[in-house]
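User: I am new to this structure and would like to learn how to read it. Please take me through it one feature at a time.

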Amino acid sequence: MAGFFSRSPRTNAEDDGTSGDEPLRPIDASDAARRVELLDSFEAAGLGWFWATDAKGRLIYLSENAAHTLGWTHGETIGKPLGELFIPEPLDASETAGRPLAFLLSARHSISQLNVRLAVEDQEVWWEIAGKPQFDDKQRFTGYRGSAKDVTAIREGQQDAERLAQYDSLTGLANRHRMTERLTSILKAYRNSKRSCALMMLDLDRFKQINDTLGHPTGDELLKQVAGRLGRIVGDKGEIGRLEGDEFQIVLPDIDDRGALGELGQRLVQMISQPYSINGARAIIGTSIGVAVAPYDGLDTEELVKAADLALHAAKGGGSGQYRFYSSDLQDGAKYRRQIEDDLRDAVESGRISMHYQPVVCTRTHRVKCCEALMRWDHPDRGPISPNVFIPVAEETGIIRKMGEWALNEVCHQAKAWPLDLPVAINISAVQFAHDDFPQVVQAALSQSGLDPERLELEITESVFLGDAGRAQRLFGELKEIGVKLALDDFGTGYSSLSYLRKAPFDKIKIDQSFVRGATEAENNNAAILSAIVGLADALDMETVAEGVEARDELDLVTERGATLVQGYIFSRPMPNDEFIEDLQRSEPTYEPRGPAKYRADRKSVFRRIGLIHEDSRYKVVMRNLSKTGAMIEGLLEVPLGTEVVLDLGGGQLVVATVRRSKGSVQGVEFETSLISDGAEGLCTRHRVSPYQIEAAGRPLAALPHDPYALIMSERLNSGARKKFVEVEVGNPKPGTGY
Ligand code: C2E
Ligand code: CA
Ligand code: CA
């Protein structure tokens with residue numbers, strides 16, 4: 001209110017608040033002149049304005065000050081209908097602006113707190129108006145008189161607040177609140193129209209490391225760039241939100257094709273893992289993605305989010321940089337992982353962990369040159385568990401430090417006792433490397449065992465460079481001081497910066513299996529990459545190991561491309577220490593290549609009980625192997641070639657197939673449409689039986705049960721129809737090999 005009364009010159013001069021003997025002159029109702037003066041100063045202060053219309057609703061008065069700020073200085077608005085000048089805010093999008101005001105006016109209602117937008121060009125001005133109809137002494141309507149105040153700034157503030165409540169201020173993406181609202185309303189609406197909606201949950205890999213080592217401003221900038229990339233890839237196909245930290249969510253309406261979703265997941269993984277440049281620094285992260293699709297994996301927000309979360313967990317557990325679809329097995333998977341975590345704690349003490357050794361041979365002579373120590377865990381109930389499963393758990397829980405230290409000691413002791421002074425390589429997790437006492441741990445293992453440091457090789461991956469580069473450098477120095485060798489493992493997978501090679505004193509580069517695999521296929525450029533890596537390593541005077549060589553053509557290729565050493569099943573699988581010692585005791589420790597002529601990636605051995613539908617009968621069979629284009633099944637006798645069947649792979653996945661080979665109880669079938677990758681190692685169908693179909697068959701709508709097809713068909717199938725084929729019992733595989 002300051003300045004309102006002060007605008008009157010008289011009040012200023014007379015009343016400075018000190019003289020007490022001035023007589024009091026209240027403004028009474030009859031003192032029209034002083035009351036007008038009062039209103040004048042109110043108008044002039046801009047605290048509020050007045051307006052008036054005639055009986056026809058035309059503007060006959062508007063405070064001069066107001067007209068001035070709106071640029072209506074020439075009286076051009078006088079005489080215009082009020083409804084044209086003040087445009088009320090539509091209550092919702094379908095409402096035509098202007099109608100309510102005209103309605104209020106014509107009905108001669110009082111107006112209060114009505115927000116109107118002023119009909120001025122190029123700027124958005126909002127007023128809140130109030131007004132009362134006026135009547136003369138004969139009760140005839142004479143027009144409106146009203147007041148107004150500018151609420152533009154207040155509204156903007158409110159909108160900002162709303163935006164803040166709905167959007168993430170760092171990236172400008174929708175926040176969790178908005179995403180949940182959007183998803184909820186989409187799912188509700190889609191349920192009626194039987195549409196589907198996919199949900200992706202993303203979690204960045206290694207973001208925390210960047211944030212911790214390069215600082216939060218860098219982390220923030222990185223998140224912004226990630227948001228930008230997500231936006232470019234997703235485009236108008238969906239809405240992206242940041243839930244918190246490095247967690248993002250994407251809602252993709254009307255998509256249920258898992259092929260399309262897998263491609264999108266793959267692209268997201270690829271694009272997010274391209275290097276980032278932030279204020280001159282370089283950062284590399286990855287992302288894991290979980291995908292769930294409504295109504296298949298969940299009907300409402302809670303169910304769908306939970307499914308996508310589980311899939312995300314599985315994706316992370318499978319190693320970073322993966323997408324993964326939800327499947328009902330994952331429920332068990334989460335439990336499985338918790339159990340692994342619990343059991344891992346005493347696995348070392350209980351002697352269930354051991355080290356196996358795989359020879360690494362010279363490409364030219366096939367003589368064993370060194371070997372790699374690989375950890376094995378023989379679980380009391382589950383049998384052998386892959387290090388790809390338990391190492392990530394050990395890393396996450398920190399148990400890896402204890403296990404790693406144990407492994408170093410075990411390997412040094414065992415190698416010391418070998419009949420040959422063969423070098424041995426051991427895998428070092430980035431988590432072990434992140435602790436400053438790591439060189440001391442290595443030194444202790446060497447001293448206690450008496451192993452020559454020259455014989456010990458540490459395999460590390462590029463992820464150790466993600467932290468503080470100076471620190472890594474210092475550690476490398478200390479390790480070299482001790483005298484051990486260093487190898488860069490899985491080269492070409494994660495971050496693949498050649499600059500690492502210059503920075504660190506590596507003796508060896510291990511070229512990841514993915515470059516060996518498929519390198520002999522025509523359209524694949526892995527062969528060229530192999531040559532480039534070998535050339536570079538030669539120039540830097542480093543040895544190269546081609547990993548994972550299984551087939552003859554792969555061996556030929558890596559030999560031709562100049563890799564100096566080869567490690568792979570073609571020469572030998574990893575084996576327990578005593579077996580390895582036997583190999584080393586041979587007079588000439590060389591290995592013969594033994595393997596298929598060509599790598600057969602697509603045929604995967606499995607053992608899965610599935611359903612087979614033929615005509616009106618449903619049979620139980622066992623799937624023995626599976627590829628994108630076909631499968632081998634067992635359990636039916638003498639099925640003629642050319643028979644059309646439907647395989648029910650579970651989870652609503654139906655595949656139409658034709659029998660192409662048939663021998664006794666084993667059939668080879670070819671699929672009508674190829675399967676697609678499920679993001680992990682597995683395959684899945686593009687589409688599934690929709691819960692809407694199940695609903696149409698008279699069942700309540702629900703996320704897909706484990707065996708939905710059996711549910712729909714239970715009445716039709718096997719209803720007395722005579723089975724055409726004879727079913728035979730197929731035994732279980734050996735325990736422990738299932739996982
Ligand atoms: P890695 O360091 O890349 O080890 C090579 C992996 O390739 C081993 O898997 C080995 O058995 C497998 N391999 C060797 N030749 C072939 C082949 O011809 N074909 C195929 N398909 N695979 C082949 P493994 O033993 O299951 O170990 C998996 C990963 O677990 C290792 O990958 C390594 O990252 C980690 N790991 C294993 N042992 C240890 C350990 O003691 N400490 C740490 N930190 N990590 C370990
Ligand atoms: Ca390795
Ligand atoms: Ca490797």
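User: Which of the residues around ligand 1 come nearest?

Analyst: First, the ground rules. This is a predicted model, where local features need pLDDT of at least 70, side-chain atom pairs count only at pLDDT 80 or more, and totals for chains, interfaces and linings use all residues. Residues are numbered from 1 along each chain as its sequence is written, chains are lettered from A and ligands numbered from 1 in the order in which they are written, and side-chain values use heavy atoms, with hydrogens and water left out. Now the idea: a residue is near a molecule if one of its heavy atoms lies within 4 Å of it. Ligand 1 has 22 residues around it, and Arg 376, Asp 489, Gln 513, Glu 550 and Tyr 569 come nearest.

User: Which elements each supply at least two residues of that shell around ligand 1?

Analyst: Elements are DSSP runs numbered from the N terminus: helices (H or I) have at least four residues, strands (E) at least two. Here β14 (353-362), β15, α13 (387-397) and β19 (485-491) each do so. The largest share, four residues, comes from β15.

User: How many residues of each class does the shell around ligand 1 have?

Analyst: Ala, Val, Leu, Ile, Met, Phe, Trp, Tyr, Cys and Pro count as nonpolar; Asp, Glu, Lys and Arg count as charged; the others, Gly among them, are polar. This shell has eight nonpolar, seven polar and seven charged residues.

User: What is 2.6 Å from a nitrogen atom of ligand 1?

Analyst: Look for polar contacts. Each is a pair of N or O atoms within 3.5 Å; within protein, one must be able to donate a hydrogen and the other to accept it, and residues adjacent in sequence count only if both atoms are side-chain atoms. The partner at 2.6 Å is an N or O atom in the side chain of Glu 550. An oxygen atom of ligand 1 is 3.0 Å from a side-chain N or O atom of Asn 427. A polar side-chain atom of Asp 489 also lies 3.0 Å from a ligand 1 oxygen. Accessible areas come from the Shrake-Rupley method with a 1.4 Å probe; for residues, only the protein chains shown count as cover. Alone, ligand 1 exposes 790 Å², and the protein buries 85% of that.

User: Which residues coordinate the calcium ion (ligand 2)?

Analyst: Donors are N, O and S atoms within 2.8 Å of the metal (3.2 Å for Na, K and Ca); water is not among the atoms, so sites may look incomplete. For ligand 2 they come from Glu 372 (OE), Asn 427 (OD1), Glu 459 (OE) and Asp 489 (OD), at 2.1 to 2.3 Å. Glu 372 in strand β15 (residues 368-379) and Asn 427 in strand β17 (residues 424-427) are 55 residues apart, linking distant parts of the chain.

User: Is Glu 372 buried or exposed?

Analyst: Buried means under 20% relative accessible area, exposed over 50%, partly exposed in between (1.4 Å probe, protein chains only). Glu 372 is at 4%, so it counts as buried. Asn 427, at 30%, counts as partly exposed.

User: What are the protein donors of the calcium ion (ligand 3)?

Analyst: They are Asp 489 (OD), Asp 490 (OD) and two listings of Glu 547 (OE), lying 2.1 to 2.5 Å from the ion. Asp 489 bridges both calcium ions, ligand 3 and ligand 2, which lie 3.8 Å apart. Asp 490 is partly exposed at 26%, while Glu 547 is buried at 9%.
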